[in-house]
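Hello,

Here is the structure I promised to pass along. Please have a look at it first, and then read on for what I found.

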Amino acid sequence: MRFQVDCPHCDAMLSVPEKYHYTTIKCPECGGQMEAVSTETMRVTRQFIEELEDADAEVSEGSPGVTTLRRVAALQGAAEDDE
Ligand SMILES: [Zn+2]
């Protein structure tokens, strides 16, 4: 199984083997490092974070994955500034 990752540095769409999910990978196009999180996971995650922020919910930084997901979402957000 492979999943799609959108490179936050150069916007390349990468096909990444499942075993690399949530690891740091290097983009073959631009050499930039990124967290390998599938675009589908990213979409759901961003929606989830937005909903939490809308609800003024406390997001525990100690929760598994939260720091990583926020960092990734921030990277993705930065990459999509021109939209
Ligand atoms: Zn890249």
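Below is a short tour, starting with the overall layout and then moving to individual elements.

Please keep in mind that this is a predicted model. The protein contains 4 strands and 2 helices, and along the sequence they come in the order β-β-β-β-α-α. Of its 83 residues, 12% count as buried. As for contacts between residues at least 6 apart in sequence, 37% of them link residues that are at least 24 apart.

Let's begin with the strands. Strand β1 covers residues 2-6, and it pairs with β2 in the antiparallel sense, over 5 bridges. If you would like a pair to find on screen, Q4 has S15 in β2 as its bridge partner. The two strands, β1 and β2, make a hairpin with 6 residues between them. In that turn, look for D11, which has a positive phi of about 70°.

Is β2 mostly buried or in the open? The strand runs over residues 13-17, and of these 5 residues the number buried is 0, so β2 lies largely in the open.

Now for the first helix in the numbering, α1, at residues 39-54. How far apart should its ends be? With 16 residues at 1.5 Å a residue, α1 should span 22 Å, and its end C-alpha atoms are indeed 22 Å apart, so the expected and modelled values agree. Just after α1 comes D56, which takes a positive phi of about 55°.

Happy browsing, and do write back with any questions.

Best wishes

Methods. Residues are numbered from 1 along each chain as its sequence is written. This is a predicted model: local features need pLDDT of at least 70, side-chain atom pairs count only at pLDDT 80 or more; totals for chains, interfaces and linings use all residues. A residue is buried if 20 or more other C-beta atoms lie within 10 Å of its own, exposed if 12 or fewer, and partly exposed in between; C-beta atoms are placed from the backbone. Two residues are in contact if their C-beta atoms, placed from the backbone, lie within 7 Å. The expected span of a helix is 1.5 Å times one less than its number of residues. Two strands pair if DSSP finds at least two bridges between them.
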